[in-house]
Amino acid sequence: MSELASVDWSRAQFALTAIYHFLFVPLTLGLSFIIAIMESIYVKTGNEQWKHITKFWLKLFAINFAIGVATGIIMEFEFGTNWANYSWFVGDIFGAPLAIEGLLAFFLESTFFAVMFFGWDKVSKKFHLISTWLVAIGSNLSALWILIANGWMQYPIGMKFNPDTARMEMQNFFEVALSPVGIIKFLHTVTSGYVISALFVIGISAWFILKGRHIIMAKKSMIVAASFGLVTSLFLLFSGDESGFQVTRTQPMKLAAMEGLYEGDSRQGLVMFGVLKPDKKHGDGQGSFMFDIEIPYLLSLIGKRDINAFIPGIDDLVFGNEKRNIESVSSKMAKGKIAVDALRTYQEAKKTGDKEAMAKAQNLLETNMNFLGYGYLEKPTDAVPPVALTFYSFRIMVMLGTYFIALFFVVMYLCMANNIESFKKLLWICVWTIPLGYIAAEAGWIVAEVGRQPWAIQDLMTVGVGATNLGSVNVKISFTLFAILFTALLIAEIKIMLKQIKIGFESHA
Amino acid sequence: MLSLSHEILQIYWWVIVSLLGGLLVFMMFVQGGQTLIFGLPKSEIEKDMIINSVGRKWELTFTTLVMFGGACFAAFPLFYATSFGGAYWVWLAILFCFILQAVSYEYRKKPDNFLGQKTYEIFLYINGSLGVILIGMAVSTFFSGSDFALGEHNFVEWKTPYRGLEALANPLLYPLGIAMFFLSRVGGALYLINNISDENFRAKARKAVLKNTILFLPFFLMFIIWIFTKTGFEYDAEGVVSLVGFKYALNLVKMPIVTLIILVGLGLVLYGIYKGAFTKSTYGVVPYGVGVVFVVMGLFLIAGLNNTAFYPSFSNLQSSLTIKNASSSHYTLGVMAYVSLIVPFVLAYIFVVWRAIDSRKITQDEIKNDHHAY
C-alpha cells in the first residue's frame with residue numbers, strides 16, 4: 001500500500017476532529033432548547049417536578065457540552081495548523097464569520113452557561129430561565145456562523161481575487177452571510193441536531209419507563225421531546241429537499257456522486273436503494289448498479305423543480321456533454337492552468353515593474369479565474385469525489401430520517417393516548433434508536449464534506465493546495481495523539497453519562 | 001468605518017487584538033487557580049472550593065482564547081496561517097493542554113469517571129502550567145522572531161523540522177513563559193480571596209499572592225530588560241524590514257500613550273497585589289485585573305505599532321509580518337470594525353452575570369450541598 005501524503009493525514013485528522021465534534025455538538029444544539037422548554041413549563045406552572053426534570057437533563061447536557069467545546073477549539077485552530085495555505089487564501093472571508101461566532105455566540109453561551117448551572121439559588125427564576133434560553137440561542141448562533149463559513153466553501157460568493165496578494169478578498173459581506181447555501185446548510189444541520197436530541201430524550205425516558213422508574217417524569221420528558229422531534233423532523237424533511245435543490249444548482253458533481261449517477265438523463269429518477277457495481281469505470285457505458293429501486297422523476301423534481309429536467313451524471317461532468325452545454329473537466333483544467341500561469345506572470349511582471357505585462361496577465365487571470373482550482377488537478381477524474389461513500393451515506397441519512405418521522409409520530413400519538421408504557425417493544429426500539437440519530441447525522445456530514453472533494457473551496461482551491469507544507473510524520477503523530485485522546489474522552493463521557501442516567505432524577509431535587 | 005483608511009483600520013485591529021491578548025492573560029487567573037490546587041488547600045473541601053471557584057469562569061477564558069484566534073484569523077490571516085501552520089507543534093501542545101481543561105471540571109467528581117479524580121486534577125495542573133508557559137513562549141517569539149520564510153503566494157515555509165519546538169531551545173523565551181505562570185497564580189489567588197468566603201482559606205491565599213509575586217518579578221524583569229535592550233525589527237514606507245537597535249525601547253519613547261498605559265497598568269497590578277497580600281480587602285483582583293489588561297495590551301502595542309514587524313522572521317527579514325502585509329482587506333477590516341462595536345454590550349452582560357453569580361461567595365456549605373458542584 002502506498003504511503004499516505006501529508007495532505008491525506010491532514011484530511012484524516014480534520015475528519016476525525018469533525019466526526020468527534022459532531023458526536024457532541026448536535027445533542028447540545030437541540031437539548032438546550034428542550035431544556036429551555038422544560039424550564040419554561042416549570043416557571044409557568046411552578047410545579048417542582050418540572051424543575052427536577054430540567055435539572056436532570058441539564059446535567060447530561062453539561063457532560064456533553066464540555067467535550068463539544070474541547071473538540072470545537074481544535075477545529076478552529078486546525079484551519080491554521082493543518083490548512084495554513086487555505087487560511088491565508090480565504091482568511092479575509094472565512095475568518096470573519098469565525099470571529100463573529102466568537103463574539104456574538106460563544107460569549108453568550110459561555111457567560112450564561114454559568115448562570116444555568118450555578119445560578120439556581122443565586123438569581124431569580126426569570127433571570128435563570130432567560131439565561132437558559134440565551135445558552136440555547138447562543139449555541140445555535142454559533143452553529144449559524146460556522147455553517148455560513150462552511151456554506152461559503154461549498155459555494156463561494158461575494159468575493160474578488162486580488163492578484164497582488166494572491167488571495168480572495170470579501171466584496172459583499174451580506175452576500176456571504178445570506179448565501180442560500182449557507183442558510184439552508186445551517187437549517188438542515190441544526191435541525192438534525194434537534195432530532196438527535198429528541199431521540200436521546202425519548203430513548204432515555206423509554207428506558208426509565210421500561211425499568212419502572214420515574215415513570216411520570218419520564219413520560220413528561222417524552223411528550224416534550226416527541227412533540228419537539230415531530231415538528232423538527234418534518235422541518236428536516238423540507239430543509240433536506242431544499243438542500244438537494246441547492247446542491248444540484250451549485251455542486252452538480254456532488255449530486256451525481258450522491259446518486260451514483262454516471263450518465264445523466266431527463267426525467268431522472270431517485271434511487272431509493274441500490275448496490276453500486278464495484279468495478280464501474282468512468283465512461284464505460286455500463287450501468288452503475290448491480291441492483292436498484294428507483295422512484296421515477298423524483299431526482300429531476302428535487303434537483304430542478306421540474307420532472308422533465310436533465311440531471312447531469314459524473315461522466316457528463318467529467319467528459320463534457322456538448323448537447324447539454326456541459327464543459328468537460330479537461331477544458332476547465334486547461335483554463336485553470338491559464339489562470340495559474342497568468343497569476344505567476346502577473347507577480348513576476350510586478351517585480352520588474354512591467355505594467356503592460358501585468359495588465360495582460362490580469363486580464364487572462366480574470367477571464368479564467370472561476371477555474372483556478374482546476375489548474376491544480378492532475379487528471380480529469382480527480383474532480384470526482386469518492387462515489388460509494390457519498391452514495392451509501394446519503395441513503396443511510398435519508399432512510400433513517402424517514403424512520404425518525406414515523407417514530408416521533410407513533411410516540412407522540414401514544415403519549416397523547418397516555419398508554420405508551422404498554423408498548424414494551426416500542427420502548428426498546430426508542431432506546432436502540434438513540435445511536436441511529438448519530439449515525440444519520442454523521443452520514444449527512446460525510447455526504448456534505450466527502451461529496452465536495454477534492455475541493456477545499458469549490459472550484460477554486462483543492463485540499464492539496466490548501467494544506468500546510470508539513471512532513472507527513474508530523475501529522476501522523478498528531479493524528480494518532482488526537483485519536484487516542486478523543487477516544488479516551490469519549491469513553492469517559494459515555495461511562496459518566498450512563499452512570500448519571502442510572503442515578504436517575506432523584507438526585508436533582 | 002468603511003470610510004476610515006486601511007491603515008487606520010489595521011491599527012484599530014491591532015489594538016483590538018492587543019486588548020484581547022490582555023483580557024486573555026487576565027482570565028488566566030483560572031489557570032493559575034488550577035495550579036494552586038496542589039499546595040494551597042489543606043483539605044478536600046478546600047480543593048473543591050478552589051475548583052468550583054475558578055471552574056465557574058473557565059468557559060470565559062476558553063472563549064477569550066477562541067476570540068483571540070478568531071480575531072487574528074479575520075484581521076491578520078497571514079499571521080494566523082504562518083504562526084499556526086509553521087509553529088505546528090507548539091500550538092498543538094497548547095491545544096492539547098486546553099482540551100484537557102475543558103473536560104476536567106465536569107468529569108472530575110462524577111461517578112464512573114473512568115480516569116479517576118486525580119488524573120483530572122493533573123490535567124488541570126498541566127493546563128495551568130504547561131499551557132500558560134507555552135503561550136508565554138509563543139508570545140515571546142513576537143520579539144525574538146521565528147525561523148520561517150514566505151514562499152510563492154505567501155505560503156509559509158518553516159525552516160526547521162521541529163515546527164516550533166525549536167523555541168524550547170531558546171532560553172530567552174522562557175522568562176515570559178515562567179513570568180506568566182507565576183502571574184496567573186497571583187491572579188488565581190487574588191480571585192479566590194474575592195470569591196471564597198472562608199477567612200482561614202483567605203489567609204493562605206494572601207500568602208500565595210505574596211510568594212508568587214516574589215517568584216514572578218525576576219522573570220518579568222528579565223523579560224522587560226531583554227526586550228528593551230534588544231535589537232528590533234522595523235519596516236519602512238516600502239515595507240522593507242531592517243534591524244534597529246533598542247527598537248522596543250524607542251517605541252516606548254515614540255508612543256507616550258502606550259508608555260502611560262504600561263506604567264498605569266504596572267501600578268494597578270502592584271496595587272492589586274498589595275491589597276491582596278497586605279490588607280484585609282477582598283478586591284485586590286479588580287485593580288490587578290485592569291492592570292494586567294493594560295500592561296499586556298501595551299506590550300502587544302509596542303510589538304506591532306510604530307512600523308514594527310510583530311511577527312519577525314530572523315531567517316528572512318523580508319518575510320517578517322507587519323500589520324500592513326499580514327492584514328485582511330480594507331473592506332473586511334471595515335465590516336469587522338462594525339461588528340466590534342458589539343464588544344461593549346458583550347462586556348456589559350458579562351459584567352452583569354459575573355456580579356449576579358459572584359454576589360454570594362462560595363462557602364463550604366454550598367459546595368457540600370450543590371448537586372452540580374464540580
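1. Gln458(A) is buried, with a relative accessible area of 12%, which places this residue under the 20% limit for that class. The model discussed here is a predicted one, and the remarks below should be read with that in mind. Gln458(A) lies in the loop that joins strand 7 (455–457) to strand 8 (461–462) of chain A. Once neighbours within four places in sequence are set aside, Gln458(A) is in contact with Met153(A), Gln154(A), Pro156(A), Thr250(A), Gln251(A) and Arg452(A).

2. The loop on the other side of strand 7 of chain A, which runs from helix 14 (424–450) to that strand, holds Pro454(A). The peptide bond leading from Gln453(A) into Pro454(A) is cis, and its omega is near 15°.

3. Two residues of chain A other than glycine deserve a check of their backbone angles. Ala166(A) has a positive phi of about 60° and sits in the loop between strand 1 (159–162) and strand 2 (167–170) of chain A; with a relative accessible area of 2%, Ala166(A) is buried. Asn325(A) likewise has a positive phi of about 60° without being a glycine, and its place is in the loop between helix 10 (314–319) and helix 11 of chain A. Is Asn325(A) buried or exposed? At 72% relative accessibility, Asn325(A) counts as exposed.

4. Asn172(A) belongs to the loop between strand 2 and helix 5 (173–177) of chain A, and its relative accessible area of 28% makes this residue partly exposed. Not counting residues up to four places away in sequence, Asn172(A) touches Gly158(A) and, in the other chain, Tyr331(B). The C-alpha atoms of Asn172(A) and Tyr376(A) are separated by 27 Å, the two residues being 204 residues apart along the chain.

5. Helix packing in chain A can be illustrated with helix 11 (residues 329–352) and helix 12 (residues 355–368), whose axes come within 8 Å and cross at roughly 155°. Angles over 145 degrees count as roughly antiparallel, and helix 11 of chain A and helix 12 of chain A are therefore roughly antiparallel to each other. The crossing of helix 11 of chain A past helix 12 of chain A is left-handed. On the side of helix 11 of chain A, the residues that meet helix 12 of chain A are Lys335(A), Ile338(A), Ala339(A), Ala342(A), Leu343(A), Thr345(A), Tyr346(A), Ala349(A) and Lys350(A). Their partners in helix 12 of chain A are Ala357(A), Met358(A), Ala361(A), Gln362(A), Leu364(A), Leu365(A) and Asn368(A). Sorted by class, this contact has 11 nonpolar, three polar and two charged residues.

6. In chain B, helix 9 (residues 199–229) and helix 11 (residues 256–278) pack at an angle of about 150°, with their axes 8 Å apart. That angle makes helix 9 of chain B roughly antiparallel to helix 11 of chain B. Arg206(B), Val209(B), Leu210(B), Thr213(B) and Phe220(B) in helix 9 of chain B meet residues of helix 11 of chain B, among them Leu266(B), Ile273(B) and Phe278(B). By class, the contact of these helices has seven nonpolar, two polar and two charged residues.

7. Lys57(B) occupies the loop between helix 3 (44–55) and helix 4 (58–75) of chain B, and with a relative accessible area of 3% this lysine is buried. Which residues does Lys57(B) touch, not counting residues up to four places away in sequence? The answer is Met27(B), Phe29(B), Val30(B), Tyr191(B), Trp354(B), Ile357(B) and Asp358(B). By contrast, 34 Å separates the C-alpha atoms of Lys57(B) and Ile8(B), which are 49 residues apart along the chain.

8. Helix 14 (residues 343–358) of chain B, with 16 residues, reaches 22 Å from its first C-alpha to its last, close to the 22 Å expected at 1.5 Å a residue. Its buried residues are Val346(B), Tyr349(B), Ile350(B), Val353(B), Ala356(B), Ile357(B) and Asp358(B). These buried residues pack against helix 3 (84–118) and helix 4 (125–154) of chain A, and also against helix 4 and helix 8 (174–195) of chain B.

9. Helix 12 (residues 285–304) of chain B has 20 residues, which at 1.5 Å a residue should span 28 Å, and its end C-alpha atoms are indeed 28 Å apart. Of its 20 residues, 17 are buried, so helix 12 of chain B is largely enclosed by the rest of the structure. Helix 12 of chain B is followed by Asn306(B), whose phi is positive, near 55°.

Terms used:
Residues numbered from 1 in each chain as written. Chains lettered and ligands numbered in written order. Predicted model: local features only at pLDDT ≥ 70, side-chain atom pairs only at ≥ 80, totals over all residues. Heavy atoms only, no water. Helix = DSSP H or I, 4+ residues; strand = E, 2+ residues; numbered from the N terminus. Expected span 1.5 Å × (residues − 1). Buried < 20%, exposed > 50% of the residue type's maximum accessible area, 1.4 Å probe, protein only. Axes fitted to C-alpha atoms, helices over the stretch in contact; angles between N-to-C directions. Parallel < 35°, antiparallel > 145°, perpendicular 65-115°, else oblique. Left-handed = near helix turned anticlockwise from the far one by under 90°. Contact = heavy atoms within 4.5 Å. Nonpolar A, V, L, I, M, F, W, Y, C, P; charged D, E, K, R; others polar.
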